[in-house]
Amino acid sequence: MLPDLSQYQAALEGFFKAGGPVLWSLLLVSLLLWTLLLERLWFRWIDFPRRIRVYRQQKAGAQRRLQRADLLLDLQGALPLIRTLIALCPLIGLLGTVTGMIHLFDTLALNGTGNPRLMAAGVARATLPTLAGMVMAVSGLLLWNRLARWSQLQRTRLDITGARG
């Protein structure tokens with residue numbers, strides 16, 4: 001039996017409501033981050049093998065050197081931007097923590113400490129963005145690390161083959 005999609009939708013709505021408005025900006029950064037990571041994966045598995053075959057079939061000359069330079073540039077691609085977005089995710093989560101704590105202190109100032117539900121909602125609003133930012137950063141960092149190592153290896157191989165001819 002397939003799960004009911006309305007349950008997932010309700011859970012997501014609850015998550016975004018509990019985490020506050022900072023989660024929406026984290027969502028946008030995460031979408032951009034994963035779009036760029038998927039593009040790099042596409043380049044790694046689909047585009048690069050095709051282009052390297054074309055490069056290897058070229059005879060030595062200006063056209064081959066131009067293709068090599070293009071490959072070297074494309075191997076770097078969006079990796080610096082991806083690294084910046086990965087660093088930005090925990091910072092946005094921290095911003096959510098600060099705004100959540102401010103919201104919690106405002107709630108405590110208005111209602112006192114007698115209502116544990118209000119305090120729990122404020123603590124959730126303070127911690128959920130941090131959790132989400134860390135999850136995005138760690139998952140993105142794991143994939144970025146693999147892609148960056150692969151890219152460096154391919155750049156080294158191109159440097160070696162370029163030096164030979």
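## The second largest pocket

The second largest pocket is lined by L12, F15, F16, L23, L26, L27, S30, A132, V135 and M136. The model is a predicted one. This pocket holds about 160 Å³ of space. By class, its lining has nine nonpolar residues, one polar residue and no charged residues.

Which elements each supply at least two residues of this lining? They are helix 1 (5-19), helix 2 and helix 5. Helix 2 gives the most, with four residues.

## Rings around F16

Two residues of that lining, F15 and F16, also belong to a ring cluster. Ring pairs link F15, F16 and W24 there. In the whole model, the count of aromatic pairs comes to five. One of them joins F16 and W24: the ring centres are 4.4 Å apart and the planes stand at 25°, so the pair is stacked. The cut-off for stacking is an angle under 30 degrees.

Is F16 buried or exposed? Its relative accessibility is 15%, so F16 counts as buried. The limit for buried is under 20%. W24 has a relative accessibility of 47%, so W24 counts as partly exposed.

Now take the rings of F43 and F48. Their centres lie 5.7 Å apart and their planes are at 55°, so this pair is tilted. An angle of 55° is neither under 30 nor over 60 degrees, which means that the pair is not stacked and not edge-to-face. Both F43 and F48 are buried.

## The largest pocket

The largest pocket has a volume of about 190 Å³. Its lining is made up of L41, R44, W45, L143, R146, L147, R149, W150 and L153. Helix 2 and helix 5 are the elements that give two or more residues to this lining. Helix 5 gives the most, with six residues.

How many residues of each class are in the lining of the largest pocket? Six are nonpolar, none is polar and three are charged. The charged ones are R44, R146 and R149. In the second largest pocket, by contrast, no lining residue is charged.

## Arginines over rings

Two residues of the largest pocket's lining, R44 and W45, also meet in another way. R44 lies over the face of W45, at 3.9 Å from the ring centre.

R64 and Y55 make a similar arrangement. Here the charged end of R64 sits over the ring of Y55, 4.3 Å from its centre.

## The enclosed space

Rolling a probe the size of a water molecule over the atoms shows where empty space is left. How many cavities of 30 Å³ or more does the count give? The count comes to one. The largest cavity has a volume of about 40 Å³.

Which residues line the largest cavity? They are R40, F43, R44, L75, L79, L147, W150 and S151. Five of the lining residues are nonpolar, one is polar and two are charged. Helix 2 (22-57) and helix 5 (116-164) each supply at least two residues of this lining.

## Shared residues

Some names come up again. R44 lines the largest cavity, lines the largest pocket and lies over the face of W45. L147 and W150 line the largest cavity and also the largest pocket. F43 lines the largest cavity, is buried and has its ring in a tilted pair with that of F48.

How values were computed: Residues numbered from 1 in each chain as written. Predicted model: local features only at pLDDT ≥ 70, side-chain atom pairs only at ≥ 80, totals over all residues. Heavy atoms only, no water. 1 Å grid on protein atoms, 1.4 Å probe; cavity = no way out; pocket = protein on both sides within 12 Å on 5 of 7 lines; lining within 4 Å. Points joined across faces, edges and corners; volume = space filled by probe spheres on them. Phe/Tyr/Trp six-rings, centres within 6.5 Å; stacked < 30°, edge-to-face > 60°. Buried < 20%, exposed > 50% of the residue type's maximum accessible area, 1.4 Å probe, protein only. Lys NZ or Arg CZ within 6 Å of the ring centre and 35° of its normal.
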